[in-house]
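Got your viewer open and the selection box ready? Let's walk through this one stop by stop.

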Amino acid sequence: MNSREKICLQCGTTYKVYHGFTEWCEFCDWNLNSNDEPEQLDMYEKIVRKIGDKYSKKLFATLMETDIEKYKHRNTLVATTTVVMSLLVVLVWLSLVVSSVLLLLLFPNIFAILGSVMCLLLVIYLRPRFSKKPKDGITKQEMPALWEFVESLNEKLGGKPIDYLVVNADFNASMGYVGIQRKKVLTLGYPLVSLLSKQEFVDLVGHELAHNVNQDPARGFLHYYVFTNVWAWYYFLSPKGIMQGSDVNYIFKIASIPFYVLMWCVSKIALGFLFVYYWMIHYDSQKAEYYADYLGASMGGSEDSEKSLYKLSYGLFLQYVQQQAVVAPNGKTIIQRLKEMIETIPEKEILRLQKLATRESSRVDSSHPPTTYRIEFVKKFAPKVGLFQLTQEHFHKICEELAQQEEKINIKLIDEYKWYIS
Ligand SMILES: [Zn+2]
Ligand SMILES: [Zn+2]
């Protein structure tokens with residue numbers, strides 16, 4: 001690995017710089033976080049960090065004392081409150097449906113008809129929207145070994161069968177539901193998966209399947225619906241433009257002040273509701289993440305889980321190799337470059353990422369707890385050796401199947417980067 005020495009301008013000590021990796025001084029932590037945000041934090045940022053740090057510390061401390069066997073991510077005060085808040089929003093929508101029908105009964109009153117049409121338009125605009133089923137789902141014939149593994153791990157975790165399996169170009173993995181029938185979709189990002197060892201892979205897939213066991217995506221859908229719905233209400237109710245416009249008569253302007261004030265207050269109530277709701281669902285989702293971590297790590301083993309949690313922060317290396325593949329093509333795919341980079345990653349860079357993880361602060365609007373908490377949590381509760389042991393042979397077959405996607409994913413990653421810089 002190419003390296004050279006440099007003298008730190010902050011502490012005067014000599015440190016090593018590795019080509020392609022962030023330059024930092026391990027003696028005084030100069031430039032530890034190269035993407036460091038400016039010192040000047042705005043009001044919102046200060047609040048979300050302050051409350052976030054406090055609650056995520058408290059949540060972590062509480063969970064560390066929990067009897068994990070009895071722990072199930074459900075029916076906490078926060079979760080119940082968000083459900084009540086969600087139902088309120090759904091109720092408002094339903095009342096619009098009822099109103100549009102009732103107003104029609106007053107036919108031929110023209111105002112009633114107009115009111116009914118307005119309600120109907122709102123009903124359509126605020127309707128729940130279901131995401132479509134994935135077009136590029138992997139069939140069992142295409143990847144029998146991967147499907148067999150997912151199904152047997154899911155069975156071991158006690159989850160209902162998965163409907164779709166998607167392999168995409170993200171440095172991530174996720175579990176979601178689509179359509180009115182809420183079909184289950186497991187998505188695995190090939191760049192991330194390609195870096196994992198056998199049991200780390202079990203941990204990652206186990207974590208995502210655990211969300212299904214716990215039915216977290218169902219809650220996620222309701223949250224998403226409420227969030228977009230209330231946001232639309234806020235937008236509707238904000239009295240933008242009423243007081244502006246030079247062609248508006250000033251008597252009309254004065255007369256509309258009470259209306260303006262009223263709309264302003266109502267819209268701010270919607271906005272306040274939105275923030276509180278947003279923070280609560282993220283607090284709730286941090287709990288869900290811990291539980292999914294626990295189940296995933298029980299399958300893969302806590303030692304491998306720790307490694308896979310750290311690897312989640314390697315997404316920035318993908319960005320680097322994407323850039324390199326476009327700027328200086330050498331015939332290798334982005335995934336090959338990424339693997340090479342990870343294999344030769346200097347100790348110093350791993351230390352930097354681990355140090356960064358320990359400093360990660362929590363925000364109330366963050367869906368995941370800080371990595372160090374997650375690691376400590378799985379270390380305490382999950383067994384060192386996983387309960388689900390994938391055989392080397394089976395893992396090898398899965399890797400071969402996944403590798404068939406490499407060319408397609410490579411093109412996608414290159415296009416993605418070109419689009420990004422264009
Ligand atoms: Zn220094
Ligand atoms: Zn998760």
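What follows is a short tour, from the whole chain down to single residues.

**Stop 1: the whole chain**

Keep in mind that this is a predicted model. Start by showing the C-alpha trace of the chain, which spans about 80 × 55 × 50 Å along its principal axes. Switch to cartoon and you have 16 helices and five strands to look at. Of the 422 residues, 29% are buried. If you draw the contacts between residues at least 6 apart in sequence, 72% of them join residues at least 24 apart.

Now colour by pLDDT. The chain has a mean of 87, with 92% of its residues at 70 or more. Which elements have the lowest and the highest mean pLDDT? Select helix α8 (residues 250–255) for the lowest, at 75, and helix α4 (residues 144–157) for the highest, at 97. A general word of caution: where pLDDT is low, don't read the predicted coordinates in detail.

**Stop 2: a three-stranded sheet**

Next, select 164–168, which is β3, and 173–178, which is β4, then add β5, residues 183–189. Together they make an open sheet in the order β3-β5-β4, and the pairing is mixed. Why is one side of β3 and of β4 left without a neighbour in the sheet? Both strands stand at the edges and have a single partner strand each, so nothing in the sheet flanks their other side. On average, neighbouring strands here are turned by 25 degrees against each other, ignoring direction.

Take the two pairings in turn. β3 runs parallel to β5, and five bridges join them; show N168 and you'll find G189 of β5 opposite. β4 pairs with β5 in the antiparallel sense, over six bridges. Two spots to label there are M175, which stands opposite L186, and S174, whose bridge partner is T187.

Follow the backbone from β4 into β5 and you trace a hairpin with four residues between the strands. Click on G179 in that turn: its phi is positive, about 70 degrees.

Is β5 mostly covered or mostly open? Mostly covered, since five of its seven residues are buried.

**Stop 3: two crossing helices**

Clear the selection and pick helix α6 (residues 198–213) and helix α10 (residues 302–311). Their axes come within 8 Å and cross at roughly 75 degrees. Angles of 65 to 115 degrees count as roughly perpendicular, and α6 and α10 therefore fall in that class. To see the contact, show Q199, E200, D203 and L204 on α6, with D304, S305, K307, S308 and K311 on α10. Colour the contact residues by type and you get one nonpolar, three polar and five charged.

Stay with α10 and select its buried residues: S302, D304, S305, E306, S308 and L309. What covers them? The cover includes α6, along with α9 (257–300) and α14 (371–381).

**Stop 4: one leucine in α2**

Last stop: zoom to L102 in helix α2 (residues 77–104). Is L102 buried or partly exposed? It counts as partly exposed, because it has 14 C-beta neighbours inside 10 Å, while a buried residue needs 20 or more. Finish with a distance line from L102 to L122: the C-alpha atoms are 15 Å apart, and the two residues are 20 apart in sequence.

Methods
Residues are numbered from 1 along each chain as its sequence is written. Chains are lettered from A and ligands numbered from 1 in the order in which they are written. This is a predicted model: local features need pLDDT of at least 70, side-chain atom pairs count only at pLDDT 80 or more; totals for chains, interfaces and linings use all residues. Two strands pair if DSSP finds at least two bridges between them. Axes are lines fitted to C-alpha atoms, for helices over the stretch in contact, and angles run from 0 to 180 degrees between N-to-C directions. Angles under 35 degrees count as roughly parallel, over 145 as roughly antiparallel, 65 to 115 as roughly perpendicular and the rest as oblique. Two residues are in contact if their C-beta atoms, placed from the backbone, lie within 7 Å. Ala, Val, Leu, Ile, Met, Phe, Trp, Tyr, Cys and Pro count as nonpolar, Asp, Glu, Lys and Arg as charged, and the others, Gly among them, as polar. pLDDT is the predictor's confidence in each residue, from 0 to 100. A residue is buried if 20 or more other C-beta atoms lie within 10 Å of its own, exposed if 12 or fewer, and partly exposed in between; C-beta atoms are placed from the backbone.
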